[in-house]
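Grab a pencil and work through these short exercises with the model open beside you. Try each task before you read its solution.

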Amino acid sequence: MVDDILLRRRELTSNSNLMLNDQQLQFYALAEIDDLLRSIGKSLKQFEQLPQPPTSYLKSGSNNLIIEETTYNVQEMETEYLKLLQSCTEEQRNLYNAVLNSVETGSGGLYFVYGSGGCGKTYLWRTLICKLRSEGKIVLPVASSGIAATLKGWNNRNLQ
């Protein structure tokens, strides 16, 4: 079932160099199984013994934003995340832990990071973005002004 997934994802994203790891292929295959089950009134969630893909893989359909956010090379994201995390200051790590905890617990929150240019605000957000994308989560960075507004278009192509 996974033989065709990479080809279809490449066509869908118009990225002939797209690479998906085994876990991503598994998630897409499980999502296709979920689609088949839904056509007969069932769901993959009803079969708890099977692995469950992240919800971002289910019903991603042709929503370009979801397609873009679920086609990152998670191994590259994890490598970049580990590299970035090593250089975080104690202050950055404290905020990193607070934001990550709110994501993991589903409690949400609003975080305002203030500081002069060059203090590491963008570095902190890049670290969080890479961490979450390495887990297959969808991340939509938003900034209202300043250089951080460029994070909106930041993705794995900007890692180099």
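A polar contact here is a pair of N or O atoms within 3.5 Å; within protein, one must be able to donate a hydrogen and the other to accept it, and residues adjacent in sequence count only if both atoms are side-chain atoms. Helices are DSSP runs (H or I, at least four residues), numbered from the N terminus. This is a predicted model, where local features need pLDDT of at least 70, side-chain atom pairs count only at pLDDT 80 or more, and totals for chains, interfaces and linings use all residues. Residues are numbered from 1 along each chain as its sequence is written, and side-chain values use heavy atoms, with hydrogens and water left out.

**Exercise 1.** Find the polar contact at the start of α4.

*Solution.* Look at Asn73: one of its side-chain oxygens comes to within 3.0 Å of the backbone nitrogen of Gln75.

**Exercise 2.** Check the span of α4 (residues 74–86).

*Solution.* Take 1.5 Å times one less than the number of residues. For 13 residues that should give 18 Å, and the end C-alpha atoms are 18 Å apart, so the two agree.

**Exercise 3.** Work out which residues of α4 are buried (under 20% relative accessible area, 1.4 Å probe, protein chains only; exposed is over 50%, partly exposed in between).

*Solution.* First, list the buried ones: Val74, Met77, Glu80, Tyr81, Leu84 and Leu85. They cover an arc of only 130° around the axis (taken from the directions from the helix axis to the C-beta atoms), so they sit on the same side of α4. Next, turn to the face away from that side: Thr79, Lys83 and Gln86 are exposed there.

Key. Helices (H or I, at least four residues) and strands (E, at least two) are DSSP runs, numbered from the N terminus.
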